Every structure is written in structure tokens, then in C-alpha cells.
Amino acid sequence: MCGIVGYIGKQQAAPVLLDGLAKLEYRGYDSAGMAVSDGATIRVTKARGRLKVLNELTHGGELLPGHCGIGHTRWATHGIPSDKNAHPHLNESETIAVVHNGIIENYLKLKKNLEEKGYHFSSDTDTEVVAHLLDYYYKGDPLDAIRRVMHRVEGSYALGIMFSDRPGEMYAARKDSPLIAGQASDGNLIASDVPAVLKYTRDVYFIQNEEILCLKEDSLKFFNIDGEELAKEPVTIQWDVSAAEKAGYEHFMMKEIYEQPKAVTDTLSPRIKDGKIEIEELNMTDEEIRQISKIYIVACGSAYHTGVSAKYVFEGLARIPVEVDLASEFRYRDPIFDEHTLLIVVSQSGETADTLAALREAKKQGVRVLGIVNVVGSSIAREADDVIYTWAGPEIAVATTKAYSTQLIVEYLLAMKFAQARGTVTEDTIHEMIEDLKKLPEQIEMLLDHKEKIQRFANRYIAAKDIFFIGRGLDYAISLEGSLKLKEISYIHSEAYAAGELKHGTISLIEEGTLVAAVLTQEDLYKKMISNMVEVRTRGAFILAVTVVGNTEVEKAADYVIYIPKTNKYFTNSLAVIPLQLFGYYVAVGKGCDVDKPRNLAKSVTVE
């Protein structure tokens, strides 16, 4: 939810912090701040608003001299966006500074106890409790004080901490919120995500739950919550800093839309060898696959939508019953497991709080968990029994595009692999499907080459108040994603409906000029969808249709048609999503919205 950066080394810290925070602003952007030690005192500057406000206040960091500092960009949870609620937070004597990502769930109880001991609070945040608790426990040993605080606080946190009387040291701690450390030639860093450190190093350490880190200019030392030193090995990040830059595009979202052909290729190619599907990371024999009696797919947001698609593919190909659950609901509904259940969790960041909690609950009950994630070394990647990575590269825009597309690819491959193992499809069918998969990157390129047509159409609906997406089967699944893309970046009210449900209430919302986006790529449902389109058109709706090339009959029932190339019926979502992504993008741009940083949203949801 928030972005943390810390630096200690030979360079001036503030410019490094500002640079790192700029790479993390997608994690939060309602306020920002920095604390820098000059060797004697800790100086803090923070401000409500985007990072550029902090940059201007500090003249690019020049007004905060010092070689050790921590910075933060905030997405408000406790306390409104304001100067006083911005991080870092200090103890009353201003000798301890703290930045925090996460939520301290028992902060009210802790705050009351501290106030009874004479402590005074100056903000409305839960984080300030940590600063005062550290003050209470600190007797000259930072590690001991941090350990004691970790035993007291409940919830999730990634912390960056400075003590004014330890000018050559900086500390970090983590529980359930992402945090990494980077080892550079001229110093060391902490950050919430890899892009913040890539300019300085590719060698990173993933800090795990209930671990503490002491950083000095020339060393990193890791400890567990009992104070025992740990040995850790760095991971070398393969993609370079340019992958996290805009590369001439106006927005990260458009850049990432255009990166989808490569991302799909990178995710697909290692798993197809000599015309066969080989998923080495799966670590399941054909016999183990045949024993699976039920699959749960659990995720949030767009990842959940890929699960809705995957249900149709798994059940259609492998004939295994699949339930798809929102992670925030799944963890509280007491699901029924047995020894033959497989849980698949899907997350771009690998840190999504509800999805991670669902994973842990399933593991407690002895269920095998397979993770599909994009971020190497993330919590889900470490805690799942098996993990399959989507090689999408860094995704900076809050609205996912290429991560969504690569998650679909992994789910297709899994369903095909399971179908092979269970003997529910022929080898000839699998071979044909593999050939169709290999064509997807080129077909996505073809759709991107015609983006201007979608842009012209989108410009007509910049002032729309309500837009509805309808589809059946797999087309309903992609309607969910198309609707989400539009609403999250353009702020236009948008809903997706299973087209067969229109007469059960929804059609009452249709009036003259309402835009309805109808997706109809499934041959066996094509005529039924035509009927649904006629129903809404006769009530005044303007219809945008997305269908497969050759389905020209749709032109009689639609006002505007976007054609996608022919592919296997199970793969159409990988193509239909492209014009829907572009439509949402161009509507948002036309309205003047901040496409990469939509209001009230952050990239990685690491709290409930």
C-alpha cells in the first residue's frame, strides 16, 4: 500500500531516496516524506500530495544533507492525507524515525497504554505507536528494542528505522508486508519493491517474516525475532532498470499494454519444448494430477478474473470441478477440503494480503498449494508448495495488463497439462492448441496495430456516466476484466453482467444512449448473445461488439464491431482483452485522469 526506501552509504541520501520513491509512487501517492541523519540529528521533511511536492520542498534533496536516510510515499489507511499523518514518524524527542507499510491492528490498545505512560501523539496514524514503543524500549540496543516492539504489535508491517545516536546504522523489520534489501558498491538500501534499487544494484535480499536487518555502509546483517544472526544469499535480478522506465510512452500502462506480446512469449516459450507442454516447476506426476478431485482458484481483482476464465478451461479440458473464490471471501467461509484438493493462488505481486492469508489457511489444513506469481522471491512464491512464475517483468501501472495476460497463459498451460495427464483430450487436440498458443503474441501485435480505431471510438464516450459489459461463458469472464479496467482508471461507473441475467433486473438500467459492450467469441453461445444484444438495442442502447473475425452477422445487431483473430475457443480472452484494455485507457486519457495512479488505489494490496 505504501512505498519505503532507505539508504546508507557514501552518497547523499536524500536524492537517492527521492529517486527510489519515484519508482515506488505507484504504491501510494497521497503524501510523502524523508528523514535524513547528518551524523548528529535526524531532520524530517514531509508533505501532503504527490512526490513532486516533497522534491520541490527539499530542492531535490539538497536541503536534507546526510548519508543515511529513510523515505516513504503513502496511501492513507489510518488518518487522512495530511502533513502530520505523512511518514516518517518520530518519538517526542525526535531521536527515532520510522517509516511503515502495513497496518498495526492493535494500535488503539497500544496507544492508550502509551498515553497512560505520558506519551503524546501528534498524528492520527497507527504508525506513530511504533515510534513511541521503540522510544519506550530503547536502552541503547536497537536490535533489542525492535525485537520487543515486534512482540507487542499485531498486524502487518515493513519498517525502516533510524536512531540518532547510531548514525552509521539503519534498521528494517518485516511481517507480512514486502521488503527487500540491496547491496550496492557505495552503500546499502532497503525498499518495498525491486524497481527502487535497480539503478544501484541487481543483487537483492528478500527479507522474510519476522526478520530484522541492520544496515551499515559496508555490511548487511540479518537476525530472526530472537536476535539470532541469519545467513542469507542474494538473488540477482535479471531484468534491468530500463524495464521499469516509460521508454518514451506517455504512461506506464500503455507501455505495458505494448509489452504483452513479449511477456506472453516469455511466459509461454520455456514451457513448450519439442511440441510438448513441460512445466518443470509444477513438481507433480501424472498420477498425482489424476488423483486431484477438486481445484480452488483463489485471487483478488484482475487475478480473480483470470481464475473465472480458467474455471471454464480446466473444466472443459481436464474435467475437474473448479471453484473460483475472491480471496477476501474465501478465507472466512470455512471451505471444505480433502486430501485430493488443489488450491491455486494467483497474484502479480505475490504479496496480496487476502490471497496470502488464504494460502496459509489452506496449508494449515494440509492442502497442496500452487502459486502463480510474477515477483520472484515474494511471500506467495516462498510459501506455496510449488510456484509457477509469469515472466511479465516489472509492472508499474496500477491497472494490470501484461500480468493479467501472462496469468491466463499459465492457466491455459496448466489446464492442458492436466487434461493430458487425465486422458480427457487427444494428443492431436493438444498439438493443435499448442500451435494456437504460439500464434497469440503475433495476434496481439495485430490488434495493437489498429489501436487508432479504438481511440476514435473511445473519444465518443469520455462523458459517459454508465457503461455495461455483457457476455456468456468465457465472454462473461472477459467482460469482468473489461469493466474493471474502465472503472478503475476512468472513474466511469461500469458493470459486467452475464448476458442471460439481463431480464432478471439489469435491463431496467438501459436507456437511450447507454453504451453496452457485448463480447461474443464463443461459437456455441453466439446466437444467444445476438438475441441479448437486440434486447438492449431496442431499449436505446448503443452497442460495441467484440467478436471473432468472420462473424459478420453481428453487424446487424451492433453499432460498432471490433474483430479479433481466430484462435482456439479457450484462448479468446487473451485477444479480446486487448481492445478492452485500450478502450479503458483512451477513455481515461480523454478525461484527463491519471492513468498510472488512479485515485484511492495502489498497486499491491498488502493489507485487508
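The following dialogue explains how to read several features of this predicted model.

Reader: Where should one begin with the strands, and in which order do the seven strands of the open sheet stand?

Author: One begins with the order of neighbours. Here the seven strands run β5-β6-β7-β8-β12-β13-β14, and their pairing is antiparallel. The edges are taken by β5 (89–90) and β14 (229–230); each has a single partner strand, so one side of each is left without a neighbour in the sheet.

Reader: How many bridges join strand β8 to strand β12?

Author: β8 (residues 170–175) and β12 (residues 211–216) are paired in the antiparallel sense over five bridges. As an example of these contacts, methionine 170 has leucine 215 of β12 as its bridge partner.

Reader: What is covered on strand β10, and which residues lie on each side?

Author: The general idea is that side chains in a regular strand alternate between the two faces of the sheet. In β10, Gly187, Leu189 and Ala191 lie on one side, Asn188 and Ile190 lie on the other, and all are buried. Since five of the five residues of β10 (residues 187–191) are buried, the strand is largely enclosed by the rest of the structure.

Reader: Which strands pair with β10?

Author: Strand β1 (residues 3–9) pairs with β10 in the antiparallel sense over five bridges, and strand β9 (residues 180–184) also pairs with β10 in the antiparallel sense over five bridges. Leucine 189 illustrates both pairings: tyrosine 7 stands opposite leucine 189, and glycine 182 has leucine 189 as its bridge partner. In addition, β9 and β10 form a hairpin, with two residues between them.

Reader: In what sense, parallel or antiparallel, does strand β21 pair with β22?

Author: β21 (residues 368–373) and β22 pair in the parallel sense, over four bridges. Within this pair, valine 373 is found opposite tyrosine 389 of β22. Strand β22 (residues 386–389) is covered on both faces, with Asp386 and Ile388 buried on one side and Val387 and Tyr389 buried on the other.

Reader: Let us turn to helices. What span should helix α9 have, and how far apart are its end C-alpha atoms?

Author: The expected span follows from 1.5 Å a residue, so the 18 residues of α9 (residues 301–318) should span 26 Å; the end C-alpha atoms are 25 Å apart, which agrees. Nevertheless, α9 has a kink of about 25°, centred on alanine 310. The helix is mostly covered, with 13 of its 18 residues buried. Arginine 319, with a positive phi near 60°, follows α9.

Reader: How many residues has helix α13, and how many of them are buried?

Author: α13 (residues 402–422) has 21 residues and reaches 30 Å from its first C-alpha to its last, close to the 30 Å expected. Of those 21 residues, 19 are buried, and the helix is mostly covered. Glycine 423, just after α13, takes a positive phi of about 70°.

Reader: Is lysine 109 buried or exposed?

Author: Exposure is judged by relative accessibility, and a residue over 50% is exposed. Lysine 109 is at 61% and therefore counts as exposed. Lysine 109 has its place in helix α3.

Reader: Finally, how many cavities of 30 Å³ or more are there, and which residues line the second largest cavity?

Author: The structure holds two such cavities, and the second largest has a volume of about 40 Å³. Its lining consists of Asn113, Leu114, Lys117, Leu133, Tyr136 and Arg152. By character, three of these residues are nonpolar, one is polar and two are charged. Helices α3 (107–116) and α4 (127–137) each supply at least two residues of this lining.

Methods. Residues are numbered from 1 along each chain as its sequence is written. This is a predicted model: local features need pLDDT of at least 70, side-chain atom pairs count only at pLDDT 80 or more; totals for chains, interfaces and linings use all residues. Side-chain values use heavy atoms; hydrogens and water are left out. On a 1 Å grid over the protein atoms alone, a cavity is a set of points where a 1.4 Å probe fits but cannot get out, and a pocket is an open set with protein on both sides within 12 Å along at least five of seven lines; lining residues have an atom within 4 Å of a point. Grid points are joined across faces, edges and corners, and a volume is the space filled by probe spheres set on the points. Ala, Val, Leu, Ile, Met, Phe, Trp, Tyr, Cys and Pro count as nonpolar, Asp, Glu, Lys and Arg as charged, and the others, Gly among them, as polar. The expected span of a helix is 1.5 Å times one less than its number of residues. The bend at a residue is the angle between axes fitted to the seven residues ending there and the seven starting there. Buried means under 20% relative accessible area, exposed over 50%, partly exposed in between (1.4 Å probe, protein chains only). Two strands pair if DSSP finds at least two bridges between them.
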